[in-house]
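Student: Could you take me through one part of this structure closely? I would like to see how a pair of packed helices is put together.

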Amino acid sequence: MARLSEQEINGIRAKADIVDVIGRYVPLSKKGRNYWCVCPFHDDHSPSMSIASDKQIYKCFVCGAGGNVFTFVQNYEKISFIEAVYKVAGYAGVHLEHSLVLPQKHIDPHIAALHKACKETIEFTNYQLDSIDAKNVKEYLFKRNITEDIIRKFTIGYGFVAWATPISYSTIVNSDLAEKATALTQALEKTTLAECGPLVDRFILDTGVSILVSDAEGNPVGFTARRTQENEEAKYINTTETDIYVKGNLVFNYHRAKQEARKAKKVFLVEGAMDVLAFEKVGLTNSIATLGTALTSTQLHLLKLLHVPVVVCYDGDTAGKNATYKFGKLAIKEHVPFEIVDNRYGLDPDEIIDGYGKDALKSMSSNTISWIDFLFEYLLTKYNLNNYSQKKEYAMEIAEEINQLSDTFEKESYFIRLRELTD
């Protein structure tokens, strides 16, 4: 364990600005001499935590949480005091002579074997992407503006049809790729085909492009994949559930995007991995995906932990709008701040790039509407305003949402709009 003198710790604290550090984790607003934010240590609905720049301390006037820059980082990240000191030193640009060495955490060998199997598999499929067999797949990726940098960052791979059945592992071992295949086979032998088979066999049989899915800490847990040939079958396929892959507990790209989201003070929520790649193409690195339009309470909790507004950018088709409506209902209930991208194209992010260019997606992503504005338009597809009973239901549903707003001016403006629309 690293040892720092009290003088060194005080020196780090003196060089670190508490406003800058806390601002990396939660959005801040200045009121008078102090900065304020929603307290991350209790279910706060309005800014109740004050950060005093002159005293370099923080205090929540609801739950009582308070302290200095070290205690904030320690409690927010749920790490030890010395880990927090080292993190703050990094933020402040303070070089420490001794590196931090932490005791090894116990890792379940069964879970570790599954993680290793995933890692070896994606490394192998990534290696295969440069083979002659994958030439058409590589061209497909380049045609979709997926660069070598994106391929490396997201460890995109190619799965070939020879892996359609477990017996084909021996075929691979006897090939000229024996060294890579042996490492993969050894990893797989430590698990069972029932657990790991779905991570490999289903994908190779059904698709050419596979993308690694990691958990919130960055551990490899499974794959999502896309067909390169268009047909009537599903475009995408995900790993079957295993001990480490439970789709409803995962948010794609979360481990990469969480720091980017805090820096940008927002996170884009999209449907699938290819949508995240589309945002990556236009330089927006703070996007995550639920790998579909269903949203679970676990996924919503992960979004809440980011402590930044969510910008919902589901596809502009009917399914995407329905998913946005369901997300909004859950987010309002859990007090997750969000806005909605005004997708007038009715397309997914990649289709927008293909049809209108990268600037169109970038521009659209900055054009957002509120939850109430979305409801005014969306609910017109659910209710017939020429029918009295349905018009009443329309008005009552929107009124219920308006009543939850804290801003008096907003509430009055929306009620005027509702009266004008429904007479």
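Tutor: Happily! This is a predicted model, in which local features need pLDDT of at least 70, side-chain atom pairs count only at pLDDT 80 or more, and totals for chains, interfaces and linings use all residues. Residues are numbered from 1 along each chain as its sequence is written, and side-chain values use heavy atoms, with hydrogens and water left out.

Let us look at H18 and H19. Helices here are DSSP runs of H or I with at least four residues, numbered from the N terminus. Two packed helices are described by the angle between their axes and the distance between the axes. Helix H18 covers residues 388-402 and helix H19 residues 408-422; their axes lie 10 Å apart at an angle of about 175°. Those axes are lines fitted to C-alpha atoms over the stretch in contact, with angles running from 0 to 180 degrees between N-to-C directions. H18 and H19 are therefore roughly antiparallel to each other, a label for angles over 145 degrees.

Which residues of H18 and H19 meet? From H18 come Lys391, Tyr394, Ala395, Ile398, Ala399 and Ile402, and facing them from H19 are Lys411, Tyr414, Phe415, Leu418, Leu421 and Thr422; contact means heavy atoms within 4.5 Å. Nine of these residues are nonpolar, one is polar and two are charged. Here Ala, Val, Leu, Ile, Met, Phe, Trp, Tyr, Cys and Pro count as nonpolar, Asp, Glu, Lys and Arg as charged, and the others, Gly among them, as polar.

For the wider setting, the protein has 19 helices and 14 strands, a strand being an E run of at least two residues. Of its 423 residues, 46% count as buried, that is, under 20% relative accessible area with a 1.4 Å probe, protein chains only.

Notes
Buried < 20%, exposed > 50% of the residue type's maximum accessible area, 1.4 Å probe, protein only. Parallel < 35°, antiparallel > 145°, perpendicular 65-115°, else oblique.
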